[in-house]
Amino acid sequence: QVHLVESGGGLVQAGGSLSLSCVASGSIASVHMMGWYRQAPGKERELVATITPGGNANVIGSAKGRFTISRGDANTTLQMNGLKPEDTAVYYCQALIATMAERDRFSTYFGQGTQVTVSS
């Protein structure tokens with residue numbers, strides 16, 4: 001069993017900052033790519049940022065220049081600055097993980113999501 005647990009969401013005024021954290025736990029052999037997605041009401045889930053095991057980070061679209069992604073071996077943080085009302089969404093942590101039972105096979109896991117609400 002593998003679990004991803006996010007924390008750090010909440011309500012913030014426009015221009016403010018939030019830091020989201022995600023920890024992977026369970027029967028983990030290796031964690032490869034980690035990332036963050038978000039889903040706003042009535043919209044498709046979209047990729048926000050990714051980071052490789054070596055620390056190569058990629059922030060996508062409107063989050064570029066405002067959000068920063070970092071990670072450890074089995075955890076990742078999304079630092080969000082200059083938040084805007086359009087950043088309001090449920091944010092999901094995602095990771096490619098190989099378990100102890102299948103060390104050569106990476107599968108995608110998602111956390112349960114954490115709500116971020118930005119008021120204008």
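## Contacts, strands and one disulfide in a predicted chain

Among the contacts in the chain between residues at least 6 apart in sequence, 58% join residues that are at least 24 apart. The model discussed here is a predicted one, and the values below were computed from it.

### The chain as a whole

The secondary structure of the chain consists of eleven strands and zero helices, and so, read along the sequence, the pattern is β-β-β-β-β-β-β-β-β-β-β. For 120 residues, a compact globule would be expected to have a radius of gyration near 14 Å, and because the chain has 14 Å, the value agrees with that expectation. Along its principal axes, the C-alpha trace of the chain spans about 50 × 25 × 20 Å.

Turning to the surface, the accessible area of the chain comes to about 6200 Å², and 49% of this area belongs to carbon and sulfur atoms. Of the 120 residues in the chain, 38% are buried. The chain carries 9 positive and 8 negative charges, and the mean positions of these two groups lie 4 Å apart.

### The disulfide

How many disulfides does the structure hold? The structure holds one disulfide, and it joins C22 to C93, with a distance of 2.1 Å from S to S. The pair links distant parts of the chain, since C22 belongs to strand 3 (residues 18–26) while C93 belongs to strand 9 (residues 89–99), and the two cysteines are 71 residues apart. A disulfide is, in general, a covalent bond between the sulfur atoms of two cysteines. The angle about the S-S bond is -75°, and the link of C22 and C93 is left-handed. Are C22 and C93 buried or exposed? Both of these cysteines are buried.

### Three residues in their surroundings

The table sets out three residues with their places and their relative accessibility.

| Residue | Place | Relative accessibility |
|---|---|---|
| H3 | strand 1 (residues 2–7) | 42%, partly exposed |
| L47 | strand 5 (residues 46–51) | 31%, partly exposed |
| G111 | loop between strand 10 (106–110) and strand 11 (114–119) | 11%, buried |

Why does G111 count as buried? Its relative accessibility is 11%, and buried means under 20% relative accessible area, so G111 falls within that class. H3, with 42%, counts as partly exposed because its value lies between the limits of 20% and 50%, and L47, with 31%, counts as partly exposed for a like reason.

The contacts of these residues, leaving aside neighbours within four places in sequence, add to the picture. H3 is in contact with V23, A24 and S25, whereas L47 is in contact with W36, Y37 and I60. Which residues does G111 contact, once its neighbours within four places in sequence are left aside? G111 is in contact with L4, E6, Y92 and C93, and C93 is also one of the two cysteines joined by the disulfide.

Separation along the sequence can also be set beside separation in space, taken from C-alpha to C-alpha. H3 and M33 are 30 residues apart in sequence and 15 Å apart in space. L47 and G26 are 21 residues apart in sequence and 25 Å apart in space, while G111 and T76 are 35 residues apart in sequence and 12 Å apart in space.

Notes. Residues are numbered from 1 along each chain as its sequence is written. This is a predicted model: local features need pLDDT of at least 70, side-chain atom pairs count only at pLDDT 80 or more; totals for chains, interfaces and linings use all residues. Side-chain values use heavy atoms; hydrogens and water are left out. A disulfide is a pair of cysteine sulfur atoms within 2.5 Å. Helices (H or I, at least four residues) and strands (E, at least two) are DSSP runs, numbered from the N terminus. Buried means under 20% relative accessible area, exposed over 50%, partly exposed in between (1.4 Å probe, protein chains only). The radius of gyration is taken over C-alpha atoms; the globule rule is 2.2 Å times the number of residues to the power 0.38. Contact means heavy atoms within 4.5 Å. Accessible areas come from the Shrake-Rupley method with a 1.4 Å probe; for residues, only the protein chains shown count as cover. Lys and Arg count as positive and Asp and Glu as negative; His and the chain ends are not counted. The place of a charge is taken as NZ of Lys, CZ of Arg, CG of Asp or CD of Glu.
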